[in-house]
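Me: I've got a model open and I'd like to talk through the labels people put on it. Can you take me through the reasoning behind them?

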Amino acid sequence: MNRVKHKIVIITGGGSGIGESTAKLMAREGATIAIVDIDEEGGSRVAGEINRTGGKAGFYHLDVSIEKDVEKVFTEIYKKYNKLDVLVNCAGIVGSDAPPHEITNEQWDTVMNTNLKGPFFCTKYAVPYLKKSGGGSVVNVSSIMGILAGPTMVYNTSKSGLRHMTKNDAYIYAKDNIRFNSVHPGYIITPLFKKLAAEKDSFEESVTRESQMIPMGRMGMPDDIANGILYLASDESSYVTGSELIIDGGCMIV
Ligand code: NAP
């Protein structure tokens, strides 16, 4: 209990999946959560559930790929709490798995704008507030596909960029006591996975197929990732920066 007590935390993509689990877990551990998401219904639902169960949360509608909106919403959040301790960049989309010679300019931009420019904008407007608060922690949700190769070239490239941006930011802001780390989930059962599964075969068939490729024999759950994010957000990781935490049931070791 209270592993992030009194911390003010912004979680992008907090209205669904990994971001939702992280918001609920960190609220249970004493943090106040600002959920930012493009999904109005999901974000309001999660904030409402946290507040009804004794936690503290607010929802802010935001498309992280629009710079002026990120500036506006982050300023609003900082003015409300007069403090910012943690940013979790979790919002992300997958996009097309067409081969690179068939990817359009628009398809490239859509994925890059959310997955890479989004965390850049959010970091850009969080850092001054983290500095004013005496330091903090930024956790970027990348993917094992930011390290491995596969068919979703644009997605994988965006997540690889996010991994490297994390290390650069860790270097640049170490003197300001702001830590940056990336988390690399493997195959996790979330609404995003369910949507992708529905495009191929049934949910059950997708889970069985993916599970067979995972040394631990099962897909991950959102809480498996939320627990890693919580550690990196908390003071338990106060000497950890520029690192990458792989949470994948062993996928990366084979
Ligand atoms: P999810 O359930 O779809 O949740 C992502 C949330 O982000 C959704 O509410 C989504 O809204 C929102 N979002 C999308 N674009 C946005 C934007 N431009 N601005 C603000 N919010 C936006 O996905 P998830 O599976 O939890 O994934 C969370 C993160 O983990 C992503 O970065 C993903 O790449 C990463 N990840 C997931 C897996 C996995 O297996 N699930 C594996 C590795 C990495 P909409 O629903 O309206 O789009």
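Reply: Sure, and bear in mind that this is a predicted model. A good place to start is helix 8, whose buried residues pack against helix 1 (17–28), strand 4, strand 5, strand 6 and strand 7.

Me: What makes residues of helix 8 count as buried, and which ones are they?

Reply: The cut-off is under 20% relative accessible area. Pro222, Ile225, Ala226, Gly228, Ile229, Leu230, Leu232 and Ala233 are buried, so each of them falls under that 20% mark.

Me: How do you know that the length of helix 8 agrees with its 12 residues?

Reply: At 1.5 Å a residue, the expected span is 16 Å. The end C-alpha atoms of helix 8 are 16 Å apart, so the two values agree.

Me: Where does helix 8 lie, and at what angle to strand 6?

Reply: Helix 8 (residues 222–233) lies across strand 4, strand 5 (136–141), strand 6 (178–185) and strand 7, at about 165° to strand 6. As for helix 3 (residues 67–81), that one lies across strands 1, 2, 3 and 4, at about 155° to strand 3.

Me: Why are strand 1 and strand 2 called a pair?

Reply: Pairing takes at least two bridges. Strand 1 (residues 8–12) and strand 2 (residues 32–37) have 5 bridges in the parallel sense, so they qualify. Among the partners, Val9 is matched with Ile33 in strand 2.

Me: What is the strand order of the open sheet, and which strands are its edges?

Reply: The 7 strands run 3-2-1-4-5-6-7 with parallel pairing. Strand 3 (56–61) and strand 7 (244–247) are the edge strands, as each pairs on one side only. From one strand to the next, the twist averages 20°.

How values were computed: Residues numbered from 1 in each chain as written. Predicted model: local features only at pLDDT ≥ 70, side-chain atom pairs only at ≥ 80, totals over all residues. Heavy atoms only, no water. Helix = DSSP H or I, 4+ residues; strand = E, 2+ residues; numbered from the N terminus. Axes fitted to C-alpha atoms, helices over the stretch in contact; angles between N-to-C directions. Contact = heavy atoms within 4.5 Å. Expected span 1.5 Å × (residues − 1). Buried < 20%, exposed > 50% of the residue type's maximum accessible area, 1.4 Å probe, protein only.
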